[in-house]
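Have the sequence and the model open? Let's take a quick walk through the fold, one helix pair and a pocket.

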Amino acid sequence: MTVSASSRLEAPLSARELAHRWWRPAVAVLLVAAAVVWRLVKNDLGAPPNLEISTAAAFAAAGLLRHRVAMLAPLVVVALSDVLLGNSSVLVFTWSAWAVIGVGAWWAGRTRGTTGRLVAALGLGVGGSLFFYLWTNAGVWWLGRGTFYPAGLDGLLASYVAGLPFLRPMLLGNLVLVPLAAGLVALVVRLERASAAAPAALPAR
């Protein structure tokens with residue numbers, strides 16, 4: 001008997017269920033806040049370019065909330081931090097890239113089971129990093145064609161080559177951080193199950 005794709009995903013949680021399990025949205029908010037703070041201070045700390053925790057925060061938010069609102073996690077991070085950092089016309093490409101990653105995180109983060117969740121985390125880490133690199137560097141070329149880069153294919157390739165130093169830390173970081181986010185979700189699920197089983201194990205009086 002085969003298992004459908006939908007049955008391999010955790011069932012969505014309603015707003016009422018999330019209010020009851022308040023620690024889930026609380027942890028998700030803390031992770032998003034940490035991603036905002038990290039984006040604001042990482043340059044001052046000398047962190048590698050594009051080393052980010054937004055993808056991991058989005059994956060964890062999806063796994064914890066199991067609600068469509070988790071798709072907004074990366075956009076919340078970039079919007080709040082851009083208020084202080086500023087941005088340029090390339091934000092059309094960066095914001096749309098984060099929107100796509102948010103949707104991907106929502107789908108991947110709802111995967112059921114420790115192994116499936118880890119595989120989904122690795123897939124999101126690699127896929128999200130590559131998509132962000134390909135899409136945003138195409139945007140840099142498009143906006144700068146004829147000035148910073150030649151207008152033809154050679155200019156696009158030059159933009160991709162210039163973006164390689166930014167791809168590596170993002171990819172390597174996500175290969176570590178997104179699986180860690182999967183581990184956090186698995187830990188919350190295990191603690192919930194242990195808490196629910198504890199009253200049943202107590203002897204009757």
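What follows starts with the whole chain and then zooms in.

Keep in mind that this is a predicted model. The chain has seven helices and zero strands, so reading from the N terminus you get α-α-α-α-α-α-α. Along the principal axes, the C-alpha atoms fill a box of roughly 80 × 45 × 30 Å.

Now for the helix pair. Helix 5 (residues 91–109) and helix 6 (residues 114–144) have axes that come within 9 Å and cross at roughly 165 degrees. Because angles over 145 degrees count as roughly antiparallel, that makes helix 5 roughly antiparallel to helix 6. The crossing of the two is right-handed. On the helix 5 side, the residues in contact include Phe93, Trp98, Ile101 and Ala108; on the helix 6 side, they include Leu124, Phe131, Trp135 and Leu143. Glycines take part too, among them Gly104 in helix 5 and Gly128 in helix 6.

Next, the largest pocket, which holds about 720 Å³ of space. It is lined by 32 residues, and the closest to its centre are Arg39, Asn50, Thr94, Phe132 and Phe166. Which helices supply at least two residues each of that lining? They are helix 2 (23–41), helix 4 (73–85), helix 5, helix 6 and helix 7 (153–201).

Here is the residue make-up of both sites.

| Site | Nonpolar | Polar | Charged |
|---|---|---|---|
| Contact of helix 5 with helix 6 | 14 residues | six residues | no residues |
| Lining of the largest pocket | 16 residues | twelve residues | four residues |

Thr94 and Phe132 turn up in both places: they belong to the helix 5 and helix 6 contact and are among the residues closest to the pocket centre.

Terms used:
Residues are numbered from 1 along each chain as its sequence is written. This is a predicted model: local features need pLDDT of at least 70, side-chain atom pairs count only at pLDDT 80 or more; totals for chains, interfaces and linings use all residues. Side-chain values use heavy atoms; hydrogens and water are left out. Axes are lines fitted to C-alpha atoms, for helices over the stretch in contact, and angles run from 0 to 180 degrees between N-to-C directions. Helices (H or I, at least four residues) and strands (E, at least two) are DSSP runs, numbered from the N terminus. Angles under 35 degrees count as roughly parallel, over 145 as roughly antiparallel, 65 to 115 as roughly perpendicular and the rest as oblique. A crossing is left-handed if the near helix is turned anticlockwise from the far one by less than a right angle, and right-handed if clockwise. Contact means heavy atoms within 4.5 Å. Ala, Val, Leu, Ile, Met, Phe, Trp, Tyr, Cys and Pro count as nonpolar, Asp, Glu, Lys and Arg as charged, and the others, Gly among them, as polar. On a 1 Å grid over the protein atoms alone, a cavity is a set of points where a 1.4 Å probe fits but cannot get out, and a pocket is an open set with protein on both sides within 12 Å along at least five of seven lines; lining residues have an atom within 4 Å of a point. Grid points are joined across faces, edges and corners, and a volume is the space filled by probe spheres set on the points.
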